[in-house]
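Welcome to this short briefing. Take a moment with the sequence and the 3D view, then follow the topics below one by one.

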Amino acid sequence: MQPRVVVLDYGFGNVRSALKALERVGAQVELTAERAAAEAADGLVVPGVGAFAAVMAGLRAVGGDQIIDRRLAGGRPVLGICVGMQVLFARGVEHDVAADGLGEWPGVVDRLQAPVVPHMGWSTVSAPPGSVLFEGVGDERFYFVHSYAARSFPMEPGPRRAPLVTWADHSGPFVAAVENGPLSATQFHPEKSGDPGSALLRNWVATLR
């Protein structure tokens, strides 16, 4: 039976390519902001393109923050993509204006410190041992297009298992992906990353069965 995946429809994100990419790797996909469907699906994908604060406003307008929180409280998988990953951090700072994120992880998303911004194109990543998302594709290149990122991942020591953090580099390291129990996210666009991106999405969809 195909896993049911909802791509959250809140007005931000290149959803057409994400829908097709998920269908290609075996998911039954629906684009909706309807709360019951988003909470009940086997997997929820949160896309995002644009400014951090605007994406947060769009999410809150459809109750996306509550949907994500309820899913994670129940251990139900969520995958954030691009700005859909960035808003999972505590704060975003763009043009010296700070906005609160969803606060699933500590840390700040801010402008890349590089001579050329945005970072646009194909880059390798450094995935940690035990990564499920990057199984079989840890040495591949993925497609990035962004000017902002989390450039550190501060975590308080504690009894819970530490998230698996994947890094990339653009005149300095930044967080390329995180795997944290039911919550996963990528700064790059797997739906635009050819065969490696399809393999990564297939790895994620396989966890939903």
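Not counting residues up to four places away in sequence, Gly 80 touches Val 46, Met 85, Ser 184, Ala 185 and Thr 186. Please keep in mind that this is a predicted model. Gly 80 is part of strand 4, which covers residues 78–81.

**Around Gly 80**

- Gly 80 counts as buried because its relative accessibility is 1%, and the cut-off for buried is under 20%.
- Ala 36 is 44 residues away from Gly 80 along the chain, and the C-alpha atoms of the two are separated by 19 Å.

**The chain as a whole**

- The protein chain holds 6 helices and 13 strands.
- Is the radius of gyration in agreement or at odds with that of a compact globule? The value for the protein chain is 16 Å, which agrees with the figure near 17 Å for a compact globule of 209 residues.
- The C-alpha trace spans about 45 × 40 × 35 Å along its principal axes.
- Of the 209 residues in the protein chain, 52% are buried.
- About 9,500 Å² of surface is accessible on the protein chain, and carbon and sulfur atoms account for 50% of this surface.
- Taking contacts between residues at least 6 apart in sequence, 69% join residues at least 24 apart.

**Helix 1 and its cover**

- Helix 1 runs over residues 15–24, and its buried residues are Ser 17, Ala 18, Leu 19, Ala 21 and Leu 22.
- Which elements cover these buried residues of helix 1? The cover includes strand 1 (4–8), strand 2 (28–32), strand 3 (43–46) and helix 6.
- Leu 19, found in helix 1, has a relative accessibility of 18% and therefore counts as buried.
- Beyond its neighbours within four places in sequence, Leu 19 is in contact with Val 7, Val 29, Glu 30 and Leu 31.
- Between Leu 19 and Leu 31, which are 12 residues apart along the chain, the C-alpha separation is 7.7 Å.
- Gly 26, just after helix 1, has a positive phi of about 105°.

**A sheet of four strands**

- One open sheet has 4 strands in the order 6-5-7-10, and its pairing is mixed.
- At the edges are strand 6 (97–100) and strand 10 (148–150), each of which pairs on one side only.
- On average, neighbouring strands of this sheet are turned by 20° against each other, direction ignored.
- Helix 3 (residues 52–61) packs on the sheet and touches strand 5 (89–94), strand 6 and strand 7. The direction of helix 3 makes about 25° with that of strand 6.
- In what sense do strand 7 and strand 10 pair? Strand 7 (residues 105–111) and strand 10 are antiparallel, with 3 bridges between them.
- Asp 110 stands opposite Ala 149, which is in strand 10.

**Aromatic pairs**

- A pair of aromatic rings is described by how far apart the centres are and by the angle of the planes.
- The count of aromatic pairs comes to 10.
- One of them joins Trp 105 and Phe 153: this pair is tilted, with 5.9 Å centre to centre and 55° between the planes.
- Trp 105 sits in strand 7 and Phe 153 in the loop between strand 10 and strand 11 (164–169), so this pair links parts of the chain that are 48 residues apart.- Trp 105 counts as buried with 1% relative accessibility, and Phe 153 is buried with a relative accessible area of 13%.
- The pair of Phe 134 and Phe 188 is edge-to-face because the planes of the rings are at 65°, with the centres 6.0 Å apart.
- Phe 134 lies in the loop between strand 8 (119–124) and strand 9 (141–146), while Phe 188 lies in the loop between strand 13 (183–186) and helix 6 (194–206), so the pair ties together parts that are 54 residues apart in sequence.
- Phe 134 counts as buried at 4% relative accessibility, and Phe 188 counts as buried at 0%.
- Phe 134 and Phe 188 also belong to a cluster linked by ring pairs, together with Phe 142, Phe 144 and Phe 174.

Technical notes: Residues are numbered from 1 along each chain as its sequence is written. This is a predicted model: local features need pLDDT of at least 70, side-chain atom pairs count only at pLDDT 80 or more; totals for chains, interfaces and linings use all residues. Side-chain values use heavy atoms; hydrogens and water are left out. Two strands pair if DSSP finds at least two bridges between them. Helices (H or I, at least four residues) and strands (E, at least two) are DSSP runs, numbered from the N terminus. Axes are lines fitted to C-alpha atoms, for helices over the stretch in contact, and angles run from 0 to 180 degrees between N-to-C directions. Contact means heavy atoms within 4.5 Å. The radius of gyration is taken over C-alpha atoms; the globule rule is 2.2 Å times the number of residues to the power 0.38. Buried means under 20% relative accessible area, exposed over 50%, partly exposed in between (1.4 Å probe, protein chains only). Accessible areas come from the Shrake-Rupley method with a 1.4 Å probe; for residues, only the protein chains shown count as cover. Rings of Phe, Tyr and Trp (its six-membered ring) pair if their centres lie within 6.5 Å; planes under 30 degrees apart count as stacked, over 60 as edge-to-face and the rest as tilted.
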